[in-house]
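Welcome to a short set of exercises with worked solutions. Have the model open beside you and try each task before reading on.

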Amino acid sequence: MPKLILIDGSSYLYRAFHALPPLSNAQGEPTGALFGVVNMLRATLKANPDYLAFVSDAPGPTFRDALYDQYKANRPPMPDDLRAQVEPMLAIVGALGFPILRVPGVEADDVIGTLAVQAQALGVEVEVSTSDKDMAQLVGPRVTLVNTMSNTVMDRDGVMEKFGVRPDQIIDFLALTGDAIDNIPGVPKCGPKTAAKWLAEYATLDGVIANADQIGGKIGESLRATLPQLPLSRQLATIKTDVALDVGPTELARRDADNALLRELYTRYEFKAALKELDAVDASLPSPFGRGAGGEGPGGAQSPGSTEPFPQPLSPARGLPDGRRGERGSVSGADHLAASLAAPGEYELVTTQPQLDAWLEKLRHAELIAFDTETTSLDAMRADIVGLSLAVEPGRACYIPLGHDYPGVPPQLDRDAVLAALKPIFEDPARPKLGQHAKYDINILSHYGIAVQGLRHDSMLESYVWNATATRHDMDSLAKKYLGYETVKYEQVAGKGAKQISFSQVDLDTACRYAAEDADITLRLHHALWPKLESVPSLRRVYEEIEIPLVPVLAEMERRGVLIDGDALRTQSQQLGKRMLELQRQAYALAGREFNLDSPKQLQAVLFDELGLEAKLKTPTGQPSTNEEALEAIADTHELPRLILDYRGLAKLRSTYTDKLSSIVNPRTGRVHTSYHQGSVATGRISSSDPNLQNIPVRTEEGRRIRQAFIAPPGWQVMAADYSQIELRIMAHLSGDEGLLKAFHEGGDVHRATAAEVFGLKPEEVSANQRRAAKAINFGLMYGMSAFGLARQLGVDRAEAGDYMARYFARYPGVHAFMEATRERAHRDGYVETIFGRRLYLENLTARNAGLRQGAERAAVNAPMQGSAADIIKRAMIAVATWLKERGDDAHMLMQVHDELVFEVRAEAVEAVRAAVVERMSGAAALAVPLLVDVGVGANWDEAH
């Protein structure tokens, strides 16, 4: 089958510019990006395609600029060094014989899309050479994407693997997630996983729009707020496939190269390897972008124990050995450039005792030790170690295989002997350690009797504290953002899908390349990120005094786990099922017929068509809504809406908790071990998964019964210590409002005191409804609640709710002043800070969309309270854990849930532990009001809460 290669020239020019060192020739002309693109083109020609084209953006605006005047508005102007390389690039491209296509009014993507569709119809295989994710929408039976900078090919399965959606869903996917680079607006906070989930459920963007009212939570609110702009986002993300072109795919044969012009250009820009190739002096010399001498790839014939630099086909963006862009220097020849591109290079496979001894000596004299483990599972509590990687200087790392098992595997060092030799180093607190998400590796090593001490740095947390919202904090994302480096992906060494093998089956040379890179890149990220934190003392303190000390605390909590009463959960599941069936029968009786309670369409027909209830809320398509908010709005007009809400609540409890918890009990320990996520919530809050402890309900009887299944072993008690109204206390501290400070210092019911102030009454005269209104205002203000929102929560009209708020601000003027000052600071600085100096950068403060802008302002007001509460409980956990470590084995911290810590305490130690925990939690911050802690004790979590 004939093949057409379409090269996205614009993408690769920018990619090469940012990935490679800022090289120049002897005359000082910039050559780095030019060098990268030229070598990519030379590699393309070696594939000898039937047809090919170099497609680049033409100067001037495109039709997308006419559709949306903010399209690509955030992009900075092209750097002068890059602009100077465009014309030389096109000259070399033309001299090589590539047809060059630049079509005014459209982008290179649109030209490529049009040619791909035309070629596909002619039975021509199409390979699009690009790094642009938008191009994934073009993938089809005869169209693949090739990233020559990472040597990866993406077909339909690859698109599914990377994005979680089919190629035909990519446009809708991009419309939902938006694109910061092109400034395409999406749904705020809708990341790739959320977009993929919605498209899996509703198939298309139109389906998501039609069911927007079914999506709950803040993300549902964001979706509904941005519905009007989604069609435009889809239009901007759609690659045109009908551009009028002067040539067709089969007219794009390579022309004869102009060797004389090439020689002139190569000489001017000092591309000596290309000159040698042109002269046929050494036609077999590999390109710096190739796989290295002899064509060896990750699975090549490199011998175990080799210290030769690994070939780097997957990551030309490695740059200089320390991962930073170097000073401008002249190109001294192909060897020099290849060395620069191949760095860091020296990845050593350690399989002999002398090699291990040499590395042990390095570790003993290292200023900082970067380490990483390779294992059999992402679940640290179920995983076995396969190997260990180490680095002590950027660009040099080793991999020690300990558990690879495949036919013909070379000899490996004895696992227990290696770990015994490393144990004194890992357990020495005076030897600083560094990891990327080190908590996982600490827990892995603990299985083998190694208690890691001296963790000084974690590159994930360095990024998280520096800017929690700038990027994801996994290694791949951080390497790309801060190093311009494309890491080797697991799928590249172990395969994907049904054919994926475990890491223990990966050959040693390939495993070394992948694993040693982890330790090396972790160290290079530290060198890139640590100077940033050092430059801002408040962020350095958050990192050194809160985040890093918390790592071993969370690791120990994960290892300890919590005891679960499986029989009680199974009984609850059965009871919930019976209750759901009973509600189902009641629903049938109320409706006068059977229907599917889980079907929005059938429920819509029953409620509004057959029972004639008035729809208070509509879907974006104008249909009556049946989401939770809509059912609550009509629950007082008929029994059925309330019954449906009860049914949905029980179904969620059953599927999320009572059915699931028993299935995730660890067979090794007999306990449930949650995973705590320290770098996932922008405000600093800790989250958890498997199970998500933060979402176990507490306000319903059924939810409390789930907590009854979290039990203590015989002779022990569960103790729960919970901060009382901590965010409201932080509001009082930050605002300095005299009335609010007085209410807390007097130690009474703060909501009753607020109601007395607002309504001009004595505290004892405040009614239950007045206290409820004051409580709603107290907490609602922290989340930016409007008079409309308060009216809905209290069931009063908007004017009455507005009057409540006006009275509140009149009695507590400091609160209003604080909120206004916080908004102003957020607009001025782009971020807000917690009491301890943690920063939250806010997107959309300058958004044209009023809903997005107001949402960012609400977040600005709330973040200092929520973030300070997060910092306080983290400080409390560190203090409590330090105290517990000094005791015997009579108390353990098990769980952290919102503002609550849960412990397992021997019965005879309860009073001593209670007093110590209260003292340390209360002393975790010096506020202008007391920090009160409520403590409960019982046989299970519910009794203790």
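**Exercise 1.** What radius of gyration does the protein have, and what would a compact globule with 945 residues have?

*Solution.* Start with the rule: the radius is taken over C-alpha atoms, and the globule value is 2.2 Å times the number of residues to the power 0.38. For 945 residues this gives a radius near 30 Å, and the protein agrees with 31 Å. Next, look at the extent: the C-alpha trace spans about 95 × 65 × 55 Å along its principal axes.

Before going on, please note that this is a predicted model, where local features need pLDDT of at least 70 and side-chain atom pairs count only at pLDDT 80 or more, while totals for chains, interfaces and linings use all residues. Residues are numbered from 1 along each chain as its sequence is written, and side-chain values use heavy atoms, leaving out hydrogens and water.

**Exercise 2.** Find the salt bridge that R234 forms, and say where its partner lies.

*Solution.* First apply the criterion: a side-chain nitrogen of Lys or Arg within 4 Å of a carboxyl oxygen of Asp or Glu. R234 pairs with D206, with the closest N and O atoms 3.1 Å apart. R234 sits in helix α11 (residues 230–237) and D206 in helix α9 (residues 205–210), 28 residues apart.

**Exercise 3.** Is D206 buried or partly exposed?

*Solution.* Recall the classes, computed with a 1.4 Å probe and protein chains only: buried is under 20% relative accessible area, exposed is over 50%, and partly exposed is in between. D206 has 45%, so D206 is partly exposed. R234, at 22%, is also partly exposed.

Methods. Helices (H or I, at least four residues) and strands (E, at least two) are DSSP runs, numbered from the N terminus.
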